[in-house]
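Q: Please take a close look at the largest pocket of this model, and set its lining in the context of the chain around it.

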Amino acid sequence: MASKRTNTLPYHLMLLPGVLLVLVFSYVPIYGVVIAFQRFIPARGMFGNQTWVGLGNFDYLLALPTVWQVFANTLIIAILKIAGGTILPIVVSLLLNEVRSALFRRTVQTIIYFPYFISWIVFGGIMVDLLSPNGGIVNQVIAAFGFEPVYFLGDVERFRGTLVVTDVWKTFGFITVIYLAAITSIDPTLYEVASIDGAGRWQKAWHITIPGMGMVIVLLMVLNLGNILNAGFEQVFVLYSPLVYETGDIIDTLVYRLGLLQAQFGVATAVGLLKGVISFGLISASYYVAYRFFSYRLF
């Protein structure tokens with residue numbers, strides 16, 4: 001027994017930094033939830049004599065004229081991102097799996113994977129330049145076909161689509177690599193048997209490859225549904241402006257304005273708490289659906 005503990009001790013020590021990070025940044029801050037029920041004044045400190053207002057912050061929040069629009073924007077943007085970020089990587093991974101040239105496949109993987117490593121501050125700046133109505137390369141192409149320039153980042157109707165397309169562009173390469181890894185775990189003899197039976201490439205993809213990726217697809221869907229109210233603060237914060245608040249303002253940007261710009265700390269915390277409760281319910285429901293209909297379980 002002592003020898004076994006000695007052998008596993010290095011692995012437990014490797015886990016220690018991650019456990020500490022989770023404790024410090026995820027569990028300790030939970031105490032701050034009490035701010036949602038206070039009229040919080042920073043000068044009195046976290047443990048000072050704050051004024052308790054009960055559900056007053058929630059009443060104020062729900063009375064805001066834009067709060068329901070913000071929640072709707074968050075859901076719409078997040079659902080569109082999940083849909084695009086799920087379908088496109090599956091299609092691309094299936095196409096890359098059919099490529100016989102290893103060099104070409106690795107080159108494409110590297111190109112589509114690279115944007116994932118760029119921060120939204122940098123990537124957002126690139127998008128602003130590309131989509132600029134004054135000289136942006138996208139609008140130059142549009143003008144070359146005889147159309148008027150499009151203000152992608154300032155048009156209420158086009159802003160959501162711009163958010164979804166740029167987010168999928170940035171992240172789909174990473175998900176594609178995960179799906180390609182799942183494809184490599186499929187038994188090659190299944191393809192050989194299908195070839196003997198006369199199955200074509202698309203029949204193999206539909207009846208063998210996609211079902212073989214099923215567990216990974218369900219896992220990523222469960223994780224994404226848990227984050228459905230996280231529509232991407234960094235991206236929206238970099239790209240949006242007051243011109244597109246109507247369709248681009250999300251929960252996280254509302255929290256930013258209420259908490260940091262307007263110093264309404266109690267109301268901002270109430271928004272965050274409400275979002276957390278809803279997200280917990282969604283991820284619980286998504287896990288139940290995955291277990292009930294796809295036999296997916298964590299343990």
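A: The residues that line the largest pocket divide into eleven nonpolar, eight polar and five charged. This is a predicted model, and in it the largest pocket has a volume of about 660 Å³. Its lining is made up of 24 residues, and those that lie nearest the centre of the pocket are Lys81, Asp167, Thr171, Asn224 and Asn230. Of these, Lys81 and Asp167 count as charged, whereas Thr171, Asn224 and Asn230 count as polar.

Several helices contribute to the lining: at least two residues each are supplied by helix H3 (67–97), helix H7 (156–184), helix H10 (214–226) and helix H11 (233–239).

One of these helices, H10, can be followed further through Met221, a residue placed in that helix. Met221 counts as partly exposed because its relative accessibility, 27%, falls between the limits of 20% for buried and 50% for exposed. Once its neighbours within four places in sequence are left aside, Met221 is in contact with Ile82 and Thr86. Met221 also lies 9.5 Å from Tyr287, C-alpha to C-alpha, although the two are 66 residues apart in sequence.

Ahead of H10 in the numbering come helix H8 (residues 188–196) and helix H9 (residues 201–212), which pack at an angle of about 150 degrees with their axes 11 Å apart. The crossing in which H8 passes H9 is right-handed. On the H8 side the contact is made by Leu190, Tyr191, Ala194 and Ser195, and on the H9 side by Lys204, Ile208 and Thr209; by class, this contact has four nonpolar, two polar and one charged residues.

A further local point is Gly56, which has its place in helix H2 (residues 56–63). With a relative accessible area of 28%, Gly56 is partly exposed, and its C-alpha atom is separated by 9.0 Å from that of Arg39, a residue 17 positions away along the chain.

As for the chain that holds the pocket, its secondary structure comes to 14 helices and two strands, and its C-alpha trace spans about 75 × 75 × 35 Å along the principal axes. Of its 299 residues, 34% count as buried. Among the contacts between residues at least 6 apart in sequence, 63% join residues that are at least 24 apart.

Note on methods. Residues are numbered from 1 along each chain as its sequence is written. This is a predicted model: local features need pLDDT of at least 70, side-chain atom pairs count only at pLDDT 80 or more; totals for chains, interfaces and linings use all residues. Side-chain values use heavy atoms; hydrogens and water are left out. Axes are lines fitted to C-alpha atoms, for helices over the stretch in contact, and angles run from 0 to 180 degrees between N-to-C directions. Helices (H or I, at least four residues) and strands (E, at least two) are DSSP runs, numbered from the N terminus. A crossing is left-handed if the near helix is turned anticlockwise from the far one by less than a right angle, and right-handed if clockwise. Contact means heavy atoms within 4.5 Å. On a 1 Å grid over the protein atoms alone, a cavity is a set of points where a 1.4 Å probe fits but cannot get out, and a pocket is an open set with protein on both sides within 12 Å along at least five of seven lines; lining residues have an atom within 4 Å of a point. Grid points are joined across faces, edges and corners, and a volume is the space filled by probe spheres set on the points. Buried means under 20% relative accessible area, exposed over 50%, partly exposed in between (1.4 Å probe, protein chains only).
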